[in-house]
Amino acid sequence: MKLDVITLDSGKAGSIELSDEIFGIEEIRADILQRCVVWQLAKRRAGTHKIKTRNEVARTGKKMYKQKGTGGARHGSRKAAQFVGGAKTHGPVNRSHEISLPKKVRALALRHALSSKARDGSLVVVDALTLDAPKTAGLLAQFGKLGLKNALIVAGPEVDNNFKLAARNIAHIDVLPNAGLNVYDVLRRDTLVLTRSAVEAIEARFNTQQEAA
């Protein structure tokens with residue numbers, strides 16, 4: 001697959017050949033994408049929600065009243081859940097929400113996510129993303145010329161500091177280095193923007209995985 005390369009100023013910078021194994025998958029597996037997104041979001045959850053159990057509630061442990069002869073139900077503690085100020089029954093506790101997903105499935109999901117953007121015409125390749133000064137207004141104007149309103153930008157091995165500062169306050173624009181590329185962020189934005197170096201890194205990453213397999 002061949003794609004035109006543009007500059008940040010909307011100029012032409014030649015073309016680039018994209019791997020069909022990574023960017024040219026025709027039958028997109030929505031089930032694999034869903035599994036990977038669920039895995040990512042579950043892994044992000046802190047799991048720090050916590051309530052006080054019965055042995056943690058600060059109330060007296062003294063028996064409320066004698067066992068028999070009162071005409072009422074038998075109770076042994078005011079820490080029980082049915083009393084005001086008592087513990088909560090079966091409430092949330094600290095735990096990990098993380099689920100397992102094989103590495104091969106994660107890699108396949110990323111390939112399908114990249115291919116879905118290329119198939120829909122939502123993949124843009126730029127030559128480089130560098131700025132002389134961290135000016136948000138100027139970068140926003142450049143994005144307007146390129147038609148970028150809701151995009152994930154993968155800027156290469158490292159993000160240019162001026163570009164990062166200029167883009168951080170622009171709504172619906174995410175900027176990541178190569179190492180941060182993931183399925184969820186690719187799918188949640190309308191357009192995927194890759195630099196030449198990002199494309200090379202992605203293809204090298206999958207070639208390495210295939211050789212290791």
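This report walks through the strands, helices and buried cores of a predicted model.

## Strands

Start with β3, residues 123–126. Strand β1, residues 2–6, pairs with β3 in the parallel sense, over two bridges. Val5 has Val125 of β3 as its bridge partner. Strand β6, residues 191–195, also runs parallel to β3, and four bridges join them. Here Val124 has Val193 of β6 as its bridge partner.

Another pairing involves β4, residues 151–154. Four bridges link β4 to strand β5, residues 173–176, and the two run parallel. Ala151 is partnered by Ile173 in β5. The table lists these pairings.

| Strands | Sense | Bridges | A bridge pair |
|---|---|---|---|
| β1 (residues 2–6) and β3 (residues 123–126) | parallel | two bridges | Val5 and Val125 |
| β3 and β6 (residues 191–195) | parallel | four bridges | Val124 and Val193 |
| β4 and β5 (residues 173–176) | parallel | four bridges | Ala151 and Ile173 |

Strand β4 is covered on both faces. Ala151 and Ile153 are buried on one side, Leu152 and Val154 on the other. In a regular strand, side chains alternate between the two faces of the sheet.

## Val125 up close

Val125 lies in strand β3. Is Val125 buried or exposed? Val125 is buried, because its relative accessible area is 1%, and the cut-off for buried is under 20%. Leaving aside neighbours within four places in sequence, Val125 is in contact with Leu3, Asp4, Val5, Ile6 and Ile16. Its contacts also include Leu194, Thr195, Arg196 and Val199. Val199 sits 74 residues away along the chain, yet the two C-alpha atoms are separated by 8.2 Å.

## Helix α3

Helix α3 covers residues 103–119, 17 residues in total. From first C-alpha to last, α3 reaches 24 Å, close to the 24 Å expected at 1.5 Å a residue. The buried residues of α3 include Val105, Ala109, Leu110, Leu114 and Ala118. Polar or charged names appear among them too: His112, Ser115, Ser116 and Lys117. Just after α3, Gly121 takes a positive phi of about 75°.

## The cores

The largest nonpolar core has 34 residues. Phe23, Val183, Leu192, Leu194 and Ile202 have the most contacts inside it. The elements that give two or more residues to this core include the helices α1 (20–23), α2 (30–44), α6 (183–188) and α7 (196–212). Strands β3, β4 and β6 are on that list as well, along with α3. Which element gives the most? Helix α3 does, with seven residues.

Ile202 shows how distant parts meet. Leaving aside neighbours within four places in sequence, Ile202 is in contact with Ile22, Phe23, Leu114, Leu181 and Leu194.

A second, separate core has 17 residues. Among them are Phe143, Leu148, Ala166 and Ile173. In soluble globular proteins, nonpolar side chains tend to be buried together.

## Aromatic rings

How many aromatic pairs does the structure hold? It holds one. Phe143 and Phe163 form this pair, 6.3 Å centre to centre. Their planes stand at 70°, so the pair counts as edge-to-face, since the cut-off is over 60 degrees. The pair links distant parts of the chain: Phe143 in helix α4 (residues 136–146) and Phe163 in helix α5 (residues 161–167), 20 residues apart. Both rings belong to buried residues.

One more ring has a charged neighbour. The charged end of Arg205 sits over the ring of Phe206, 6.0 Å from its centre.

Technical notes
Residues are numbered from 1 along each chain as its sequence is written. This is a predicted model: local features need pLDDT of at least 70, side-chain atom pairs count only at pLDDT 80 or more; totals for chains, interfaces and linings use all residues. Side-chain values use heavy atoms; hydrogens and water are left out. The expected span of a helix is 1.5 Å times one less than its number of residues. Buried means under 20% relative accessible area, exposed over 50%, partly exposed in between (1.4 Å probe, protein chains only). Two strands pair if DSSP finds at least two bridges between them. A nonpolar core is a set of buried Ala, Val, Leu, Ile, Met, Phe, Trp, Tyr and Cys residues joined through side-chain atoms within 4.5 Å. Contact means heavy atoms within 4.5 Å. Rings of Phe, Tyr and Trp (its six-membered ring) pair if their centres lie within 6.5 Å; planes under 30 degrees apart count as stacked, over 60 as edge-to-face and the rest as tilted. A charge sits over a ring if NZ of Lys or CZ of Arg is within 6 Å of the ring centre and within 35 degrees of the ring normal.
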